[in-house]
Every structure is written in structure tokens, then in C-alpha cells.
Amino acid sequence: MDQAQQLRNIIKMNRKKEEEKRARVIAVTSGKGGVGKSSVTTNLAVALAGHGKKVVIFDADFGLANVEVMFGKMPEFTLNDVVFKGRSMSDIITEGPAGVGFISGGSGVVAMNNLNDFQRTLLLNGLAELDSLADIVLIDTAAGVSSGVMDFVAYCPEVLLVTTPDPSSLTDAYSLVKALTLRQAREAVRSKVKVIPNRVKNEKEGEAVYQKLNTVARRFLGTELSMLGNIYYDTNLERAVRAQKPVTLAYPDSKASMAISNMAYALLDIQDKYPKKHGISYLFSKLISVRNL
């Protein structure tokens with residue numbers, strides 16, 4: 001049996017497991033760093049957990065590990081320990097605030113090109129386990145349009161794009177939408193992209209940020225974006241970041257917390273309308289297939 005056939009068999013086996021339990025997978029991304037992407041991810045996770053959902057953050061920003069900083073915890077294990085040391089996925093999940101789990105990707109995903117068949121099996125089996133452990137997996141990607149970022153974003157059925165009113169942030173957000181549109185056209189896949197204007201003064205400014213981005217995406221790419229919600233500029237958010245606590249827990253009545261809570265409600269409502277879930281193991285099956293076949 002050749003390597004390609006072995007991989008196809010692994011993917012088929014994991015698809016059967018996915019039919020039993022699939023986590024909802026949402027990528028949180030941005031065109032540039034410093035726009036509050038990881039803060040949105042961690043606080044949204046806490047808000048969703050408050051609705052009784054089992055939420056796990058997969059930290060795919062390998063260079064910065066912002067989720068660890070936001071939660072004030074260092075994980076004992078990373079994805080490397082699943083791939084190279086045979087640990088189970090439950091072993092490497094670090095528990096954060098409000099019962100939110102998070103996983104450090106380490107260099108395990110970066111090294112996917114060089115995994116042998118046994119290591120790929122360990123990875124896919126571990127991710128199938130994660131599907132059974134979580135209701136929602138939020139993937140905190142790196143910023144920008146590198147191939148590593150696009151690998152994750154292209155195969156996620158739902159993408160949250162964080163931007164700010166800053167012109168350079170909007171330009172970089174458009175670049176990401178363009179790269180995603182071109183990539184998905186080649187791969188015959190599609191994501192629902194929802195914009196989150198962050199650090200806006202008011203609802204009017206947030207709407208203007210969304211309309212600017214959506215207008216150029218529609219005109220030049222033929223792509224329609226939607227808006228999930230605004231996050232208003234709030235000094236409480238900055239205080240929470242310095243204290244390494246989610247603002248949704250440190251200042252639950254703040255403007256930022258209320259905005260994030262509203263977005264959690266909206267996401268849960270969207271799930272009711274679009275119940276199909278692909279699962280995290282399916283996402284990685286596609287990544288491995290593209291990188292190795």
C-alpha cells in the first residue's frame with residue numbers, strides 16, 4: 001500500500017469518527033498584528049463557555065503564544081507531545097478561566113510536511129478525540145497572509161476577521177480576504193467570513209469599517225462579507241490584558257464585555273441556522289492531504 005493510499009485510509013477512518021461527534025471550528029484571524037485578535041479569541045471563548053459550551057482554543061500563532069499570555073498560564077504540553085510522544089489530546093489541554101481549554105500548537109503543525117505515516121495517524125486520531133471533547137474549537141491564527149495562516153483559514157467553514165478603523169489595518173484585512181478568495185477558488189472550498197471591527201468609537205464607526213471592507217471585497221473580488229459585531233474602545237480591556245485576565249471576567253459590565261457577549265449570542269444563533277459542522281480532525285485531514293499528496 002503506497003503512502004497516498006495509507007493517508008486516504010486514515011482520512012476515511014477519521015471521517016467515520018467525525019460522524020459521531022464534530023466540533024464547530026471557527027478561525028479568528030487578522031490582516032496584521034496588534035489589532036486585538038487574541039483578545040477577541042480568548043474573551044469570545046469565555047463568553048461561549050458561559051452559555052454551557054465546551055470551548056477549546058487552538059493557539060496556531062506559534063511564534064507569539066498570545067493565548068498563554070492572555071490567560072496567564074504556561075501549558076505543560078503542546079501538540080508536539082501528541083505527534084512525537086504519543087500523548088492523548090486530553091493530556092495536552094490546559095484549563096484556562098471559566099473552564100475554557102487551550103492547546104499550544106508548538107511546532108507540531110509546522111512540521112506536518114515531514115511527519116511519517118505513524119505520526120500522522122497519531123495526530124489525526126488525537127484531533128478526532130478533540131472533536132469528542134469540545135463543542136467549539138476557536139483557532140487563533142497568526143496575523144497576515146502567509147501560507148501557514150492561509151492553510152488554516154482556507155479550510156475553516158467560519159472565519160472571524162478582526163480589524164480596526166486604522167487605514168493600514170483595513171488595507172491588510174482586505175489583503176487577507178483577497179488571498180483567501182484566490183486560495184479557496186483554487187481549492188473549490190468556501191468560508192463564511194464575518195468582520196469584527198475592534199476599538200471603534202461607536203456603532204456608526206464600526207458600520208463604516210465594515211462597509212468599507214465589504215464594498216471593496218464585493219467590487220473587486222465578488223465576495224460578500226458579513227458583520228458579527230463591534231467591539232468599542234474600552235480602557236477596561238487594556239486593564240484586563242495587563243492583568244492577564246479576560247475582560248469578560250474581570251469587568252463583565254464593561255462596554256467591551258457586553259459587545260463580546262452579544263457576539264457570542266449571534267454565533268450561537270448562526271449555528272442554529274447553519275447546523276452542519278466539519279470538525280477539527282476534518283480540517284487537519286485536509287491540511288495534511290494538501291501538504292503531502
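**Exercise 1. Find which element gives the most residues to the lining of the second largest pocket, and describe that lining.**

Step 1. Note the basis. The model is predicted: local features need pLDDT of at least 70, side-chain atom pairs count only at pLDDT 80 or more, and totals for chains, interfaces and linings use all residues. Residues are numbered from 1 along each chain as its sequence is written, and side-chain values use heavy atoms, with hydrogens and water left out.

Step 2. Fix the terms. On a 1 Å grid over the protein atoms alone, a pocket is an open set of points with protein on both sides within 12 Å along at least five of seven lines; a cavity is a set where a 1.4 Å probe fits but cannot get out; lining residues have an atom within 4 Å of a point. Grid points are joined across faces, edges and corners, and a volume is the space filled by probe spheres set on the points. Helices (H or I, at least four residues) and strands (E, at least two) are DSSP runs, numbered from the N terminus.

Step 3. Take the volume. The second largest pocket holds about 290 Å³. It is lined by 16 residues, and Thr-181, Gln-184, Arg-190, Ser-191 and Thr-223 are the closest to its centre.

Step 4. Assign the elements. Two or more lining residues come from each of α8 (167–187) and β7. Helix α8 gives the most, with five residues.

Step 5. Sort by class. Ala, Val, Leu, Ile, Met, Phe, Trp, Tyr, Cys and Pro count as nonpolar, Asp, Glu, Lys and Arg as charged, and the others, Gly among them, as polar. The lining has seven nonpolar, six polar and three charged residues.

**Exercise 2. Describe the largest pocket and the largest cavity.**

Step 1. The largest pocket has a volume of about 350 Å³. Of its 22 lining residues, Gly-34, Val-35, Gly-36, Lys-37 and Arg-199 lie nearest the centre.

Step 2. At least two lining residues come from each of α2 (37–49), α3 (66–71), β7 (192–200) and α10 (235–242). Eight are nonpolar, eight polar and six charged.

Step 3. Turn to the cavity. There is one of 30 Å³ or more, with about 50 Å³ of space. Its lining includes Ser-39, Met-70, Leu-237 and Lys-245. Both α2 and α10 give two or more residues to this lining. By class, it has six nonpolar, four polar and one charged.

**Exercise 3. Place strand β4 among its partners.**

Step 1. Two strands pair if DSSP finds at least two bridges between them. Strand β2 (residues 55–59) runs parallel to β4, joined by four bridges. Here Ile-57 faces Phe-102.

Step 2. Strand β3 (residues 94–95) is antiparallel to β4, with two bridges. Glu-95 stands opposite Gly-101. The β3–β4 hairpin has five residues between the strands, and Ala-98 takes a positive phi near 60°.

Step 3. Check the faces. Gly-101 and Ile-103 point one way, Phe-102 and Ser-104 the other, and all are buried (under 20% relative accessible area with a 1.4 Å probe, protein chains only; exposed is over 50%, partly exposed in between).

**Exercise 4. Classify the aromatic pair of Phe-152 and Phe-284.**

Step 1. Rings of Phe, Tyr and Trp (its six-membered ring) pair if their centres lie within 6.5 Å; planes under 30 degrees apart are stacked, over 60 edge-to-face, the rest tilted. The structure holds four such pairs.

Step 2. Phe-152 and Phe-284 sit 5.8 Å centre to centre, with 75° between the planes: edge-to-face. The pair links helix α7 (residues 147–155) to helix α13 (residues 280–292), 132 residues apart.

Step 3. Both rings' residues, Phe-152 and Phe-284, are buried. With Phe-58 they form one aromatic cluster.
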